[in-house]
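Here is a note for a colleague who is meeting this structure for the first time. Please keep the model open while reading the numbered points below.

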Amino acid sequence: MTAQELQALKNKFDIIGNDHLLNRALEIAVAVASTDLTVLISGESGVGKENIPKIIHQYSRRRTGKYFAVNCGAIPEGTIDSELFGHEKGSFTGANEMRKGYFEEADGGTLFLDEVGELPLASQAKLLRVLQSGEFIRVGSSKVLKTDVRVVAATNVNLKYAVAKGKFREDLYYRLNAVSIYMPPLRERKEDIHLLFRKFASDFSEKYGMGRAVLSPDAVELLKSYRWPGNIRQLKNVAETVCALESQRIAAKREITAEVLAEYIPKDDASMLPVKMASSPDDAMSSSEKEAIVRMIYQLRQEVNYLKEIVTGNPSMRQLPHHSAAASPREHDFSNGTDAMQDDPIIDASSVEPVIGAMTYAPKEQVQDRYYSHEQEPDEQENADLSLQKAGEDLIRKALEKYKGNRKQAAAELGISERTLYRKLKELDR
């Protein structure tokens, strides 16, 4: 498509933005519209996936036919088959008359199945049949009916993952995914964010006869830096809220600054993010964080001591050069060591793995200095040993108090085997 044709398409369907991923999605939609290929649209909630099936329908030979949009996630599981394929009178309680389903009503047109990943498995089998042969059966009937419907589906979940988990049929996934269209989230369209804000603010001002909100440069940067988990839908809500509540400032023709705009942008909840956000230097470390660090140090100390025992007992390991310390021990000949871990009555081999992973990612110099250097002063080594021992004793005591003396639960909390806990308690004369 030419730039002029693409812009005309955006104007027709009220689409704002110049992002290349957005443009690519629109171009694919127009290109496949003249065919009957099934299209699967993927993207997060609120990115505007509903525009794609409208474009496909309007540019297809079915544009004179009916167009239906069905939200599969909003229909109860018990009635989804009736909604899609219809039902006969008396087929279930409340079925007082025969009713046609969407596939029958949309014959000769286009059917948009939104949130198709929410369909139950039984309905997925019926959907696969109608996609392959155009045949379906109403609920409560045995008569096979035919339909000619172009299906466009959309999902905001990873269908490949759903297939792997057995929640979505693999054959249906490939049948729906004849053509794939990806709608990018707002955080990947940073240059479009301000354009969308201005559009929403302009529409709001025209609707209610109010002045238009104008953002200062720092406010624009704040908009771009926010991650917008609700995408376009969330941005529209923020724009309209700012226009409504800052009407006096807007009437005075003052810019909306970042300080003002920040009051209307939700603060990120660190617990909802995949990685915890960095805290400011003034933030104090919580007791649970301190306890977690002590637990990791304690486990690390245990497993390093055990690895040292393995090295001492295996002559081939004594000749390891210092630079190999940072590499994973599994890269060397650990056949004897592995057997020792499995047969050892004190150390549980399953507890060694996390520490090996921690050593793998540690800097070479740090690992060598901490575990393999013999140049450390005796007093420093002794103080470090005492400190770690005290931390371990405190951690064991807290775990036992937490579980009221239940050693099995305490060992699980500490991340060690129950046998290791018994040994430590014996060493502490408990």
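**Notes on the central sheet**

1. Ser42 has Thr155 in β6 as its bridge partner, in a model that is predicted. This pair belongs to a region where β1 and β6 run parallel and are joined by four bridges.

2. On widening the view, one finds an open sheet of five strands, paired in the parallel sense and arranged in the order β2-β3-β6-β1-β7. The edges are taken by β2 (67-71) and β7 (179-182), and because each of these has a single partner strand, one side of each is left without a neighbour in the sheet. On average, neighbouring strands of this sheet are turned by 20° against each other, direction ignored.

3. Which residue of β3 is the bridge partner of Tyr67? The partner is Thr110, and the pairing of β2 with β3 (residues 110-114) is parallel, extending over five bridges. Thr110 also stands opposite Arg150 in β6, where β3 and β6 pair in the parallel sense over four bridges.

4. How enclosed is β6, and on which faces is β6 covered? Six of its six residues are buried, so β6 is largely enclosed by the rest of the structure. In general, side chains in a regular strand alternate between the two faces of the sheet. Here Arg150, Val152 and Ala154 are buried on one side of β6, while Val151, Ala153 and Thr155 are buried on the other, and both faces are thus covered.

5. Helix α2 (residues 20-33) packs on the sheet, where it touches β1 (39-42), β6 (150-155) and β7, and the direction of α2 makes about 150° with that of β7.

How values were computed
Residues are numbered from 1 along each chain as its sequence is written. This is a predicted model: local features need pLDDT of at least 70, side-chain atom pairs count only at pLDDT 80 or more; totals for chains, interfaces and linings use all residues. Side-chain values use heavy atoms; hydrogens and water are left out. Two strands pair if DSSP finds at least two bridges between them. Helices (H or I, at least four residues) and strands (E, at least two) are DSSP runs, numbered from the N terminus. Axes are lines fitted to C-alpha atoms, for helices over the stretch in contact, and angles run from 0 to 180 degrees between N-to-C directions. Contact means heavy atoms within 4.5 Å. Buried means under 20% relative accessible area, exposed over 50%, partly exposed in between (1.4 Å probe, protein chains only).
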